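Reader: I would like to see the reasoning behind the labels. Can you take me through them?

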Amino acid sequence: MFLKLTVHKKNGLHVRMAAAFISLLQNLLPNQETLKKTYVLYRDQKVQVNNLLSLVSLKIGQGEEFILHVAEKLDDSIVQQIQSFFAPTDLEDSQQSETDRLLMENSLTLHEAISALPNGIIVVNSDNIITYVNARAAQLLQTNPHELINQRADEVIPHSRLHEVLKTGKTELSRKQTIHHHTLLTTRSPIMFNGKVIGAVAIFQDISTIEKISKELNEVKELQQRLHLVLKSVSDLIGLTDENGTLIYTNEEMNALLKKIKGGPHIQSIIGPHEWNHVKKAEKQLVKLIQVNQQSSYITKINPMFVDGAFRGAVATLTPFDDIRTLLDKIDLMEQKTKYLESELAKHQGVHEAFHQIIGNSEILKESLTIAAKAAKTDSTVIITGESGTGKELVAKAIHEASSRKNHLLVRVNCAAIPPHLMESELFGYEKGAFTGAYKTHRGKFELAHKGTIFLDEIGDLSLELQAKILRVLQEKEVERIGGYAPIPLDVRVIAATNHDLKKMVDEGRFREDLYYRLHVVPIHLPPLRARKEDIPLLVEAFRQQLNERLGKNIKGYEKGFMESLLSYHWPGNIRELQNVIERLFNLADDDILRCKDLPYYISHPSCHEQQNTPEKQAIDWGNEVRPFKEYEKQIFAFACQYYPSYNQLAQALGITHKTAAKKIREYGLEHLVGKKYQTN
């Protein structure tokens with residue numbers, strides 16, 4: 001219910017009258033819960049009626065009305081007593097009135113003083129209900145003060161702890177806490193009366209600005225330390241002067257010079273008074289070569305400092321002229337090296353990134369790759385020659401990837417691996433029903449490579465009949481399937497490769513001369529590994545990284561003497577043999593380095609290998625007596641191994657299978673002889 005009441009006292013609702021009113025209500029409303037829910041409403045302000053400080057702060061004057069809001073309906077007798085308390089009376093003690101005025105003034109003065117404090121203040125009663133909040137506390141909590149009054153402190157204030165103070169009765173001094181990005185020091189104290197805790201007060205001191213200043217001071221100190229370290233680490237002579245030329249800071253190098261010239265701590269003793277006067281008048285840097293004594297000359301830089309137009313000193317740096325001369329010599333040397341590297345780089349300008357996968361830095365390899373890179377820009381036929389294992393297929397792939405046909409297929413045909421009776425159908429295809437077993441039309445390799453590239457590997461192993469048909473495809477740019485009647489137009493770039501001497505085969509009648517010249521448009525020869533041994537370390541390092549990833553190993557390096565052993569071997573199997581040896585060592589390695597003891601004996605002892613396994617000693621010696629069959633067989637294989645670079649070719653020459661040839665060579669320990677005579681021819 002709402003009661004409209006008017007204050008008739010001369011001093012308004014002063015401290016004593018407000019206290020008497022609260023005491024009256026406490027007697028009339030014995031239910032404390034009802035009293036907590038009873039408020040005074042005055043000019044849009046609402047305060048709890050039993051909060052004396054808040055009630056007085058309303059400053060209700062004589063003749064002014066306010067509303068008493070009670071949560072429940074009151075008896076008429078209670079209403080009459082409340083109204084009688086505020087009823088006008090003619091009896092008013094002038095002395096008591098003056099006392100009330102003084103109390104009111106002091107109370108309001110104290111309230112205004114507390115409200116104006118820079119620190120936040122919050123007061124709670126014994127039930128942890130907020131009874132007072134000054135403006136600074138409300139500002140820190142980012143809330144209106146009237147919204148905090150009559151609220152539980154532990155519900156509206158983060159980490160309040162006032163309830164702990166009410167419980168323990170102990171003061172908490174300068175506890176650090178953070179509220180809404182403000183760093184605060186909070187002191188919490190109990191309010192005691194007759195030895196009993198009747199409330200508590202919290203005082204908040206905002207130290208955010210202090211912390212910011214402290215942080216800035218620390219940053220300045222750190223900056224000073226760094227600047228000192230920088231100046232200490234510089235080899236130049238550095239000095240800082242005041243407006244009179246007195247050196248107020250010098251590094252160790254400058255101190256050493258001042259001791260030598262015995263001129264005192266003045267910049268004039270180094271550059272002279274005339275130059276110093278020039279620095280004071282000018283607002284730009286002075287740079288001059290100064291000879292301090294007969295032994296020392298310095299490039300001197302003086303930078304004047306002006307503050308608000310007034311000269312405040314200068315920063316001087318001295319660099320020994322001999323250091324500058326040495327630096328200029330180094331720059332000149334670097335310019336010469338740069339010109340050399342640029343000239344070397346110019347040799348390979350235009351090399352497509354597709355060739356980067358081919359490892360090597362030797363001149364002989366670069367020349368071959370330069371030709372290949374230029375050939376990639378055309379559609380001309382390319383013939384790649386070189387021993388087995390030199391990377392002919394890698395170069396063919398790079399040419400295709402660097403060409404305009406890279407978005408189409410690169411079709412590889414190993415002419416030595418496909419049986420002769422199947423080669424024609426593989427190359428040119430066949431129509432359905434062309435022969436027994438031709439259940440459907442089959443497109444040949446040339447058709448599959450339309451718009452792309454066909455790579456004819458080991459082309460020297462083709463029969464003369466097939467050579468003639470391939471020549472026709474190259475000339476007519478069309479192919480005809482077996483059993484077909486209509487030619488099929490083709491747009492195919494041809495890259496061929498062989499480890500044979502095609503010119504010699506032409507002379508012997510084993511390779512068509514017209515096809516030879518048709519293929520020999522852009523010849524590219526890949527050198528054997530023994531001709532570019534400087535590339536072996538690069539290849540070994542590349543294989544190490546690849547095998548670490550593929551085999552899940554962590555090989556980090558090589559034993560001393562390991563690379564020398566690899567460089568001393570002649571590598572008849574070229575890069576393929578080197579790669580296989582490194583993979584073998586990876587599997588044998590016990591730790592994270594490759595060791596010489598794991599190398600094959602013929603590599604780690606090349607001189608012994610050459611003495612014991614010369615072609616002459618391995619030649620067949622029949623003698624004058626019959627020996628066991630295996631001895632003759634071993635001599636046959638030892639003799640034949642020298643003339644063929646691969647097990648496949650050796651097997652074809654002896655009329656046995658590849659598997660049998662490999663088995664016999666391993667059985668007799670002849671792996672080191674494979675291709676030896678072939679390589680030396």
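Author: What follows is a set of questions and answers on this predicted model.

Reader: What makes helix 22 oblique to helix 24?

Author: Start with the angle. Helix 22 (residues 536-551) and helix 24 (residues 574-588) cross at roughly 50°, and their axes come within 10 Å. Angles under 35 degrees count as roughly parallel, and 65 to 115 as roughly perpendicular. The crossing of roughly 50° fits neither class, so helix 22 is oblique to helix 24. The crossing is right-handed.

Reader: Which residues make that contact?

Author: Helix 22 brings I536, L539, V540, F543, R544, Q546, L547, N548, R550 and L551. Helix 24 answers with I575, L578, Q579, I582, E583 and F586. By class, that is 10 nonpolar, three polar and three charged residues.

Reader: Why is helix 28 called roughly perpendicular to helix 30?

Author: Helix 28 (residues 629-641) and helix 30 (residues 658-667) pack at about 105°, with axes 10 Å apart. The class of roughly perpendicular runs from 65 to 115 degrees. An angle of about 105° falls in it, so the label holds. On the helix 28 side, the contact has K630, E633, F637 and C641. On the helix 30 side, A661, K664, I665 and E667 meet them. These residues divide into four nonpolar, no polar and four charged.

Reader: How do you know which strands are the edges of the sheet with the order 16-19-22-15-23?

Author: Count partners. This is an open sheet of five strands with parallel pairing. Strand 16 (410-414) and strand 23 (522-525) each have a single partner strand, so each has one side without a neighbour in the sheet. The twist averages 15° from one strand to the next.

Reader: How do you know that strand 15 and strand 23 pair?

Author: Pairing takes at least two bridges. Strand 15 (residues 382-385) and strand 23 are joined by four, and they run parallel. I384 stands opposite I524 in strand 23.

Reader: What makes E387 and R530 a salt bridge?

Author: The N to O distance is 2.5 Å. The cut-off is within 4 Å, so the pair qualifies. E387 lies in the loop between strand 15 and helix 16 (392-401), and R530 in the loop between strand 23 and helix 22. The pair therefore ties together parts that are 143 residues apart in sequence. The whole structure has 31 salt bridges.

Reader: What are the edges of the sheet with the order 11-10-14-13-12?

Author: This open sheet of five strands has antiparallel pairing. Strand 11 (247-250) and strand 12 (286-291) stand at the edges, because each has a single partner strand. Neighbouring strands are turned by 25° against each other on average, direction ignored. Within the sheet, five bridges join strand 10 (residues 237-241) to strand 14 (residues 310-320). L240 stands opposite V315 there. Helix 13 (residues 273-281) packs on the sheet and touches strand 10, strand 12, strand 13 (297-307) and strand 14. The direction of helix 13 makes about 125° with that of strand 14.

Reader: How do you know that strand 2 pairs with strand 3 and with strand 4?

Author: Again, at least two bridges are needed. Strand 2 (residues 39-42) has four with strand 3 (residues 45-48), in the antiparallel sense. Three bridges join strand 2 to strand 4 (residues 65-69), also antiparallel. V40 has V47 as its bridge partner in strand 3, and V40 stands opposite L68 in strand 4. In the hairpin of strand 2 and strand 3, two residues lie between the strands, and R43 takes a positive phi near 50°.

Key:
Residues numbered from 1 in each chain as written. Predicted model: local features only at pLDDT ≥ 70, side-chain atom pairs only at ≥ 80, totals over all residues. Heavy atoms only, no water. Axes fitted to C-alpha atoms, helices over the stretch in contact; angles between N-to-C directions. Parallel < 35°, antiparallel > 145°, perpendicular 65-115°, else oblique. Left-handed = near helix turned anticlockwise from the far one by under 90°. Contact = heavy atoms within 4.5 Å. Nonpolar A, V, L, I, M, F, W, Y, C, P; charged D, E, K, R; others polar. Salt bridge = Lys/Arg side-chain N within 4 Å of Asp/Glu carboxyl O.
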